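Me: Got a model I'd like to go through with you. Can we take it piece by piece?

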Amino acid sequence: MTDAEMTEIETGPAKRPVRWHIAVFLAPAVVVYTAIMILPLIETLRLSFFNLVEGQVRFVGLANFKVLFGDPRWAAEFWNALKNNIIFFVIHMLVQNPIGIALAAMLSVPNLRFAAFYRSAIFVPTLLSFVIVGFIWKLILSPIWGITPWMLDLVGLKWAFAPWLGKPNTALIAVSLISVWQYVGIPMMLIYAALLNIPDEVLEAAECDGITGWSQFWKIKLPLILPAIGIISILTFVGNFNAFDLIYTVQGALAGPDKSTDILGTLLYRTFFGFQLQLGDRSMGATIATVMFLIILAGVSLYLFVIQRRMRRYQF
């Protein structure tokens, strides 16, 4: 028996030092996050159960939710905003994420010239202010002073131009594609990192079996990056159902024309703060915010407890 073992028997097992520095470093972040995220969320949830009754704030239970879903005026605006929000999300899922995956696959090709420049150029729009992006695209698509009619005329497609942001049946699609242009760099970089993380041994084994090129991507790489695609999908879901800024910049708080681009974020803004002749209603605004929170919570829970578990078998 060694001297160390004899000492441990005599004095007992050594106590691990308490790592107080971890709490010290985490405390500022916890305090700030609690102050700007947790407490406002709790207050929003609480406010959704209260309303003004005879000039006094009183607990009304689920009455605000009954008004939101049952009153013809409130229900019409809410379901219209929810429908537009779903369309906004679907366009991002079907356009933004596949394009991001395709760009990442092309940029991960070995010995691709100017790959760093391409990555930077595609990712730069995500760093721009949404105010700048919205204003620039309003100028580009303007039928009066925009350059889009001129560019389409160069290729003989001027007949296809229309005031897309001013027509109810195309405005939402146009705004969604602007958002896709701005944020496509995020899924591209995440998928690119996932592709680089694939072990070389796996790819070498695939090449030995004669699997190369795009066949290697579809049969080997794509199944291995499914967890990253799942993360991108849930981030897209959360981001789209929290969206507000770009539509507010391009179409204003009324989300025109005729509220064809109105989503839950713009409806929440008008309801809570008021706009033009519409007075702000804190309780109904908190009710809409609570419904948004529940929708996002349901989507995230579905991903974490159902989808992610099925994807774990692809992780290394």
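Me: Which residue is the bridge partner of Val53 in β2?
Reply: Gln56 is the partner of Val53. Before more, a caution: this is a predicted model, where local features need pLDDT of at least 70, side-chain atom pairs count only at pLDDT 80 or more, and totals for chains, interfaces and linings use all residues. Residues are numbered from 1 along each chain as its sequence is written, and side-chain values use heavy atoms, with hydrogens and water left out.

Me: In what sense do β1 and β2 pair?
Reply: Antiparallel, over four bridges, with β1 at residues 50-53 and β2 at residues 56-59. Pairing here requires at least two bridges found by DSSP. Strands (E, at least two residues) and helices (H or I, at least four) are DSSP runs, numbered from the N terminus.

Me: And which residue in that hairpin takes a positive phi?
Reply: Glu54, near 55°. Two residues sit between the strands.

Me: Switching topic. Where are the domains?
Reply: Domain 1 covers 2-47 and domain 2 covers 67-310. The bounds come from an automatic or database domain assignment. Their C-alpha centres lie 38 Å apart.

Me: How many residues are in contact between domain 1 and domain 2?
Reply: Four from domain 1 and seven from domain 2, with contact meaning heavy atoms within 4.5 Å. The buried area is about 470 Å², and carbon and sulfur atoms give 76% of that. Buried area is the accessible area (1.4 Å probe) that two parts lose on being put together, summed over both.

Me: Which three residues supply 83% of what domain 1 buries there?
Reply: Thr44, Leu45 and Leu47, more than any other three residues.

Me: How many salt bridges cross that interface?
Reply: Zero. The rule asks for a side-chain nitrogen of Lys or Arg within 4 Å of a carboxyl oxygen of Asp or Glu.

Me: How many by this rule overall?
Reply: Four. One of the pairs meeting this rule is Glu43 with Arg46, at 2.6 Å, N to O. Both are in helix α2 (residues 20-47), and because they are three residues apart, about one helical turn separates them.

Me: Last bit, backbone oddities. Which peptide bond is cis, with omega near -5°?
Reply: Gly256 to Pro257. Pro257 lies in the loop between α13 (245-251) and α14 (264-273).

Me: What about Asn111, where is that found?
Reply: In the loop between α4 (72-107) and α5 (115-123). Asn111 has a positive phi, near 65°, despite being a residue other than glycine. Most residues other than glycine have a negative phi, and most peptide bonds are trans.
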